[in-house]
Amino acid sequence: MKRKLISLIAVLALIVIASTCLVACNPYKFDPIGGGDPTGEVTSNGGYAVRQGRYVYYINGFTGADADNTWGGPVVQSIVRAELNADGTVNNDTTTIVVPKSIYNTYNEGGFAIFGEWIYYATPNYDKDKNGTASTTNTDFMRTKIDGSVTQKLGVINSRSAQYLFTPTRVIYYLSNTLSYIDFSGMNTNKSSDNQKGATSGTLASDVASVAWDYACDEIFYVQNVTGENSYKNYNELKAVKYDGTGARTLATENTFLADGELAQNNPQKVFKYNLIDMYVEADGTPTIYYTKSYTLDTDTTAGLFCAKGADLKATEKKLNTIGSTTLFPLGYEDGALAYNASNSYCWYNGSNAEKPLQTTTTSQTIWKVDPVAGYAYFTASSSPKALFRISYKERVDNITTIIEEGMKVDWLKLDFIGDDLYFFATDDENYMHVVNIKTFDKDEEDAESTYLGFEREKDEEDEEDDSKE
């Protein structure tokens, strides 16, 4: 009888230990919300609103870096999900939190991304050191299933401003002149975890000066500084590599623009340093890259702004302007770019009008979207905008149209468009999310205003009980 009692106690102890382990191994406990469309087409990765099939996911407003980030606590700046009606409008009655974490990074093209059944995001890490001091610099890269059932920490980096790109198997990030990765393809996908078990990290390239990437392309472009015995020379190298580390290639180096028999030391005006600005993915899926070039005679001299097809830079290079603009909106290889002139106004540089381009905007304005078929550019004031405007950038007849008159936050992530729907944080409404269709909205209609999407979680009975105890 005594042996049976001891055995029973041992079994009960094992159950308690197992239960404790299950709790400990699931630091991201959250009631699944069901639904989702993992095979649906994904639109607008890398912003604050992403559409997947018949659902839209978006960051629920803005509060900043100092918001509470305890798992399960954040509502504002969390990721919420809503179903779309048949006409593409958002069904607010279906809105619910799917990622109860604060989504934040200062990289203005960061945001979050969705691949299949996973949402990938960056969130501030406030873990405390042995002295009890919370981190003020670290970022966690994480993922949560689209139904909220599983959440995993993928890795931690010591920055809240690093450029980053999510891919189906890796997080790519650019920090301290190094292009690095966190590969999570070996992680268990069935349970929540915060130990990064199965994830590996490494370096794609070091001594990197600039990068360009796009969610629609599996290749990353970067400029690498020359080191070692050639470090004294006035050139760098423009390179590319696939995000999985394969397909590494050099697009331009010291002798790329030298004719046969020409020597670099005798032709310094043909030996360049590159600076990547942006890239554009063409309709056929091929990349066009935008970059400036400079060369050194007695001093560094700007050669201009260029674009080229990523498949063959030398054969396809096209000069857009002579001033080397670094602020631009890419239009693709054929149309060039809308880029700053010497007065910081956008002009249309198409490759044949470098000296006399069509001016699109005046100073202190920012272009956020272009409709290349109609030839329209959509822009706001560069800071604290109170309206969105449209202009025909190929005609420049001063036919500016006001689309909507509402305050929009533009000093964090870029204004986000999904098709013709503009999602924005409304500064007139405590930075909650709003949406407006820029093609169908009529600002002159009575009571015309964008659609409020901000989600505020209602207290459940348990919350109310906790409040009463306090």
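Here is a short walk through the structure, stop by stop.

Before you start clicking, know that this is a predicted model, where local features need pLDDT of at least 70, side-chain atom pairs count only at pLDDT 80 or more, and totals for chains, interfaces and linings use all residues. Residues are numbered from 1 along each chain as its sequence is written, and side-chain values use heavy atoms, with hydrogens and water left out.

**The whole chain**

Show everything as a cartoon. You'll find 3 helices and 33 strands; these are DSSP runs numbered from the N terminus, with helices being H or I of at least four residues and strands being E of at least two. The C-alpha atoms fill a box of roughly 100 × 65 × 40 Å along the principal axes. Of the 470 residues, 49% are buried (under 20% relative accessible area; exposed is over 50% and partly exposed lies in between, with a 1.4 Å probe and protein chains only).

Now colour by charge. There are 41 positive and 65 negative side chains, and the centres of the two sets lie 9 Å apart. Lys and Arg count as positive and Asp and Glu as negative, while His and the chain ends are not counted; each charge is placed at NZ of Lys, CZ of Arg, CG of Asp or CD of Glu.

**A four-stranded sheet**

Select 416-418, which is β30, and add β31 at residues 421-426. They belong to an open sheet of 4 strands, in the order β30-β31-β32-β33, with antiparallel pairing. β30 and β33 (451-452) are the edge strands with a single partner each, so one side of each has no neighbour in the sheet. Strands count as paired if DSSP finds at least two bridges between them, and β30 and β31 have 3 bridges. To see one of them, pick D416 and its bridge partner Y423 in β31.

Stay here and select Y432 and Y452. Y432 lies in β32 (residues 432-437) and Y452 in β33, so their pairing ties together parts that are 20 residues apart in sequence. Y432 is buried at 10% relative accessibility, whereas Y452 is partly exposed at 31%.

**Two loop stops**

Go to G407, in the loop between β29 (401-404) and β30. Is G407 buried or exposed? G407 is buried, at 0% relative accessibility. Beyond residues up to four places away in sequence, G407 touches several others, including P385, K386 and F424; touching here is contact, meaning heavy atoms within 4.5 Å. Draw a distance from G407 to F425: their C-alpha atoms are 8.4 Å apart, with their positions 18 residues apart along the chain.

Next, jump to P357, in the loop between β24 (346-349) and β25 (358-359). P357 is partly exposed, at 21% relative accessibility. Leaving aside neighbours within four places in sequence, P357 is in contact with C347, W348 and Y349. P357 and C347 sit 5.9 Å apart, C-alpha to C-alpha.

**Aromatic rings**

Finally, highlight Phe, Tyr and Trp. The structure holds 25 aromatic pairs (ring centres within 6.5 Å, using the six-membered ring of Trp; planes under 30 degrees apart are stacked, over 60 edge-to-face and the rest tilted). Zoom in on F257 and F272, an edge-to-face pair at 5.7 Å centre to centre with 90° between the planes. Both are in the loop between β17 (249-252) and β18 (273-281), and both are buried.

Last selection: Y107, F115, Y120, F141, Y164, F166, Y173, F184 and Y215, which ring pairs link into a cluster.
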